[in-house]
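Biologist: Could you take me through the charged side chains in this one, and show me how they pair up or cluster? I'd like a close look at that part rather than a full tour.

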Amino acid sequence: MKLGARLIAFMLLLSLTIVLTKAEVITLTPETFSDKVKEKDTAWFVKFCVPWCKHCKKLGNLWEELGNAMEGDDEIEIGEVDCGKSRDVCTKVEIHSYPTFKLFYNGEEVSKYQGKRDVESLKTFVVEETEKAAEKAQLEDKEL
């Protein structure tokens with residue numbers, strides 16, 4: 001294989017790896033937000049940011065790393081909303097500062113995260129809060 005062909009093959013593999021890595025975080029828009037967070041028996045842990053926020057920029061790849069860490073958990077989805085582009089969504093869910101992290105379950109806001117900003121802390125929070133929300137939903141279903 002010639003050097004040019006190897007370089008092209010490497011670049012294609014690299015771009016595919018980047019796409020697959022970013023696929024774990026779903027960008028939510030005004031058109032998709034409500035339907036996604038209302039998915040039955042699914043938790044959505046959503047980051048609300050704006051591109052110009054220094055605190056949002058400081059997060060770096062944290063959200064993508066969390067998305068990768070949660071890969072394989074069918075009950076938990078990791079999402080993000082750009083409040084600069086999706087102001088209506090951010091107003092509806094009462095986002096007043098950036099970044100804000102909120103957990104939704106079956107369409108309802110369950111809790112707002114205010115802990116340490118590292119993958120392990122975020123993962124622990126989302127798993128524990130999702131378990132609580134699922135138990136509560138099961139109890140409510142039994143009462144009906």
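Modeller: Here is a walk through the salt bridges, then a charged patch and a threonine that touches one of its members. Keep in mind that this is a predicted model. For orientation, the protein chain has 6 helices and 5 strands, and from the N terminus they come in the order α-β-α-β-α-α-β-α-β-β-α. Of its 144 residues, 35% are buried.

On to the charges. Side chains of opposite charge can pair when their charged atoms come close. The structure has 6 salt bridges, and three of them are worth a look here.

Let's start with glutamate 80 and lysine 47, whose side chains form a salt bridge at 3.4 Å, N to O. This pair ties together distant parts of the chain, with glutamate 80 sitting in strand 3 (residues 76–82) and lysine 47 in strand 2, 33 residues apart. Both glutamate 80 and lysine 47 are buried.

Now compare the surroundings of lysine 36 and glutamate 39. They make a salt bridge too, with 3.7 Å between the closest N and O atoms. Lysine 36 has a relative accessible area of 30%, so it is classed as partly exposed. Glutamate 39 is also partly exposed, because its value is 27%.

The third pair is lysine 116 with aspartate 118, joined by a salt bridge at 4.0 Å, N to O. Lysine 116 reaches 61% relative accessibility and therefore counts as exposed, while aspartate 118 is partly exposed at 23%.

Next, the clustering. A patch of negative charge on the surface brings together Asp74, Glu75, Glu128, Glu131 and Glu135. Glutamate 128 belongs to helix 6, which covers residues 119–143. Its relative accessibility is 43%, so glutamate 128 is partly exposed.

Glu75 gives us a way from that patch to threonine 42. Leaving aside residues up to four places away in sequence, threonine 42 touches Glu75, Glu77, Phe104, Tyr105 and Asn106. You'll find threonine 42 in the loop between helix 2 (33–37) and strand 2 (43–49). Despite the loop setting, threonine 42 has just 9% relative accessibility; the cut-off for buried is under 20%, so it counts as buried.

Stepping back to the whole chain, contacts between residues at least 6 apart in sequence join residues at least 24 apart in 71% of cases. As for the outside, the protein chain exposes about 9,400 Å², and carbon and sulfur atoms account for 54% of that area.

Technical notes. Residues are numbered from 1 along each chain as its sequence is written. This is a predicted model: local features need pLDDT of at least 70, side-chain atom pairs count only at pLDDT 80 or more; totals for chains, interfaces and linings use all residues. Side-chain values use heavy atoms; hydrogens and water are left out. Helices (H or I, at least four residues) and strands (E, at least two) are DSSP runs, numbered from the N terminus. Buried means under 20% relative accessible area, exposed over 50%, partly exposed in between (1.4 Å probe, protein chains only). Contact means heavy atoms within 4.5 Å. Accessible areas come from the Shrake-Rupley method with a 1.4 Å probe; for residues, only the protein chains shown count as cover. Patches are made of residues with over 30% relative accessible area and no salt bridge: like charges are joined within 9 Å, nonpolar side chains (Val, Leu, Ile, Met, Phe, Trp, Tyr) within 5 Å. Lys and Arg count as positive and Asp and Glu as negative; His and the chain ends are not counted. The place of a charge is taken as NZ of Lys, CZ of Arg, CG of Asp or CD of Glu.
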